[in-house]
Amino acid sequence: MNHIMFCQNCKSYMIMEQCSCGSKTVIPKPARYGPEDPYASYRRTAKEAQLKSRGWL
Ligand SMILES: [Zn+2]
């Protein structure tokens, strides 16, 4: 089974270990947090604590 490889130079996916542009392709890492930043859930928690302190929750 071929791995899906990713050329960071061309920003494109392919199955070759070397892109036609000459760059070595890499295995793309799965996006753990997606486009959201990793502190989004932390901010939500902080916001909730703020609301609670004001008696809004
Ligand atoms: Zn390329």
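The following legends describe close-up views of a predicted model.

**Figure 1. Overall arrangement of the predicted protein.** The secondary structure of the protein consists of one helix and two strands. Read from the N terminus, these elements follow the order β-β-α. Of the 57 residues in the protein, 4% are buried. Among contacts between residues at least 6 apart in sequence, 5% join residues at least 24 apart.

**Figure 2. Confidence of the prediction across the protein.** The mean pLDDT of the protein is 83, and 79% of the residues score at least 70. Confidence is highest in β1, with a mean of 94. The lowest confidence is found in α1, with a mean of 81.

**Figure 3. Surroundings of C7 in strand β1.** The residue at the centre of this view, C7, belongs to strand β1. C7 counts as buried because 20 C-beta neighbours lie inside 10 Å, and 20 is the number at which a residue is classed as buried. Leaving aside residues up to four places away in sequence, C7 touches S12, M14, C19, C21, S23 and T25. V26 is also shown: C7 and V26 are separated by 19 residues in sequence, while their C-alpha atoms are 6.4 Å apart in space.

**Figure 4. K11 in the loop between the two strands.** K11 is located in the loop that connects β1 (5-7) with β2 (12-14). The phi angle of K11 is near 55°, which is a positive value in a residue other than glycine. K11 has 7 C-beta neighbours inside 10 Å and therefore counts as exposed, the limit for that class being 12 or fewer. From C-alpha to C-alpha, K11 and T25 are 9.9 Å apart in space, with their positions 14 residues apart in sequence. T25 also appears in the view of C7, as one of the residues that C7 touches.

**Figure 5. N2 in the segment preceding β1.** N2 is found in the segment before β1. Its 8 C-beta neighbours inside 10 Å are the reason why N2 counts as exposed. The view includes M16, which is 14 residues from N2 in sequence. The C-alpha atoms of N2 and M16 are 8.7 Å apart in space.

**Figure 6. Helix α1 and the glycine that follows.** Helix α1 spans residues 40-53 and comprises 14 residues. From the first C-alpha to the last, α1 reaches 20 Å, close to the 20 Å expected at 1.5 Å a residue. The number of buried residues among the 14 of α1 is zero, so the helix lies largely in the open. Just after α1, G55 adopts a positive phi of about 75°. This view should be read together with the confidence values, as α1 has the lowest mean, 81.

Conventions:
Residues are numbered from 1 along each chain as its sequence is written. This is a predicted model: local features need pLDDT of at least 70, side-chain atom pairs count only at pLDDT 80 or more; totals for chains, interfaces and linings use all residues. Helices (H or I, at least four residues) and strands (E, at least two) are DSSP runs, numbered from the N terminus. The expected span of a helix is 1.5 Å times one less than its number of residues. Two residues are in contact if their C-beta atoms, placed from the backbone, lie within 7 Å. pLDDT is the predictor's confidence in each residue, from 0 to 100.
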